Amino acid sequence: MTATKTTRARKPAVRKAAQPERASPATRAEPTGTRAGRVALIGRPNVGKSTLLNRLLGKKVAIVSDKPQTTRLSLLGIKTTDRGQIVFIDNPGIHKPLHKLNRRMMSYVDSSFETADILCLLIDASLSFGQGDAYVLEMLGRTKKPAFLLINKADAVRKDRILPLIDRYKDLHPFREIIPISALKGTNLDVLERCLFDLLPRAERLYPEGSLSDQSERFYLAELIREKLLGRVEMELPFVTAVYINRVERRAGGAAPGRSAENETDGDGEHDAGAHARPGDAEAAKESALDFASSAGHEEDAAFKDAGDENGEDEDCEEFPPVDEREGGDASAAELKQPIHSALPDRPPGYREGRTIDGRLRRDLPVTYVQATIFVEKPSHRQIVLGREGRVIKNIGIEARRDMERYLGTRVFLDLQVKVRAHWRNAADVLDLIEGQK
Ligand SMILES: Nc1nc2c(ncn2[C@@H]2O[C@H](COP(=O)(O)OP(=O)(O)O)[C@@H](O)[C@H]2O)c(=O)[nH]1
Ligand SMILES: [Mg+2]
């Protein structure tokens, strides 16, 4: 498959060199000739924006699922090559917002239109043109920025479906390039990268070499949990769930609270997610009073009357202050706020249970204790997330823990709780809390 250029190419709008935001003085010495800028990935929900970001970077920077509205805010994915630096901005899918959460999501899209040097509009080749697509094109029409059309999921359709799409879209917007791609298979992404570099302004790189994303480790851990959650729930559940990381504690070779190192792993190498906050020793008991008061394993959780009344109206978030505001602090709070410099490989090459990415044996490693809360809107949602006899939450926990262990390079004890907070999608305090993790 080759790139297809439109015949209606026009000169780019005036493009200012993007303002370096966090470039260290060292990066200013970049030799001239490099190109750099911001490229926003935009489009309807589920067209493959996050899959594309990950594939371009070779790392799982953004979580992916087959449910719409997986991405809730803008995430940077920074690619530095010999030619320069492209700062990709992954975005929530463009949709009509009904809740405060969704309005915030759309405001991320708006600001990404502002900051980008180039806009990449992704469409799903397997879907026919609809109202939503017209709306996205209308938004695009309001900006003078150069835009590419990326016809994604080309692997999923017959080739003769692509040409009519190109014909249709080239008359609807003066795209600089129209490129059929497969984000999943990596088809034509070299062409895309080349075309982007050709059009980006000559500039020094915007972020220091080695930069990967703007999200904190804490946010990344929350997203890993949310990805597994989205993989295991259906219907409206994906929309009404959010994940907050209450606490991350690293322990050099120690045990999780209340457990001896020997008991941490059962025969198949799995922990029971959500069953680790049972303080046993004196130290853990002290911490329990401080931090784990609201914590419970999933079996207790099912009976735990924390949901307030039927609507959960009296539930509030006071028991989940950000880690760095906790009395006594968290040793890793500052570290957790640093932008991540590594992420899981985009396509796991032969995952080996009990080993980290670099092949180290898990049982030899120190432990990270992660306590997280899954927010839902109704007690019935909570039952679904817990599942019969806690099976759903257990599997979410196992899958998330595997990813966390590979990412952190430590063993992980993951304590998951499910809390009801009615209408959290319209609650500024919860939204601030969740977004504040990034
Ligand atoms: N067949 C196929 N599926 C894709 C491709 N890109 C993404 N997907 C799938 O589309 C779904 C949505 O992807 P995601 O990246 O989360 O979409 P986003 O909402 O636009 O970020 C996931 O199930 C992906 O696996 C592609 O090129 N081909
Ligand atoms: Mg996405």
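**Close-up views of a predicted model**

**Thr 368 and its partner across the strands.** In this view, Thr 368 stands opposite Val 412, a residue of β11. The helix α11 packs on the sheet here, where α11 touches β10 and β11, and the direction of α11 makes about 140° with that of β11. Strand β10, which covers residues 367-376, is joined to β11 by ten bridges, and the two strands run parallel. The model shown in this and every following view is predicted.

**The open sheet of three strands.** Stepping back from that pair of strands, the reader finds an open sheet whose order is β8-β10-β11 and whose pairing is mixed. The edges are taken by β8 (242-251) and β11 (411-420), and because each of these has a single partner strand, one side of each is left without a neighbour in the sheet. On average, and with direction ignored, neighbouring strands of this sheet are turned by 15° against each other.

**The open sheet of six strands.** Another open sheet is built from six strands in the order β3-β4-β1-β5-β6-β7, again with mixed pairing. Its edge strands are β3 (75-81) and β7 (177-180), each of which pairs on one side only. Here the average turn of neighbouring strands against each other, direction ignored, is 20°.

**The pairing of β1 with β4.** Within the sheet of six strands, β1 and β4, the latter made of residues 84-90, pair in the parallel sense over six bridges. One place to look is Ala 36, whose bridge partner in β4 is Gln 85.

**Helix α4 across two strands.** Helix α4, formed by residues 162-170, lies across β6 (147-152) and β7, and α4 runs at about 160° to β7.

**The surroundings of ligand 1.** Ligand 1 is surrounded by 20 residues, of which the closest are Gly 48, Lys 49, Ser 50, Thr 51 and Leu 184. Helix α1 gives three residues to this shell, the largest share. By kind, the residues of the shell around ligand 1 divide into ten polar, six nonpolar and four charged.

**Asn 46, a loop residue with positive phi.** Asn 46 is found in the loop that leads from β1 (35-43) to α1 (49-57). The phi angle of Asn 46 is near 75°, which is a positive value in a residue other than glycine. Is Asn 46 buried or exposed? Asn 46 is buried, because 21 other C-beta atoms lie within 10 Å and the cut-off for a buried residue is 20 or more.

**Glu 389, a loop residue that is exposed.** Glu 389 lies in the loop between α10 (379-386) and α11 (391-408), the latter being the helix that packs on the sheet and touches β10 and β11. Like Asn 46, Glu 389 is a residue other than glycine with a positive phi, in this case near 55°. Glu 389 has 10 C-beta neighbours inside 10 Å and therefore counts as exposed, the cut-off being 12 or fewer.

**The chain as a whole.** To place the close-up views in context, the secondary structure of the chain comes to twelve helices and eleven strands. Of the 438 residues in the chain, 44% are buried. Among the contacts in the chain with a separation of 6 or more, 76% are accounted for by residues 24 or more positions apart.

Notes:
Residues numbered from 1 in each chain as written. Chains lettered and ligands numbered in written order. Predicted model: local features only at pLDDT ≥ 70, side-chain atom pairs only at ≥ 80, totals over all residues. Helix = DSSP H or I, 4+ residues; strand = E, 2+ residues; numbered from the N terminus. Contact = placed C-beta atoms within 7 Å. Pairing = 2+ DSSP bridges. Axes fitted to C-alpha atoms, helices over the stretch in contact; angles between N-to-C directions. Near = placed C-beta within 6 Å. Nonpolar A, V, L, I, M, F, W, Y, C, P; charged D, E, K, R; others polar.
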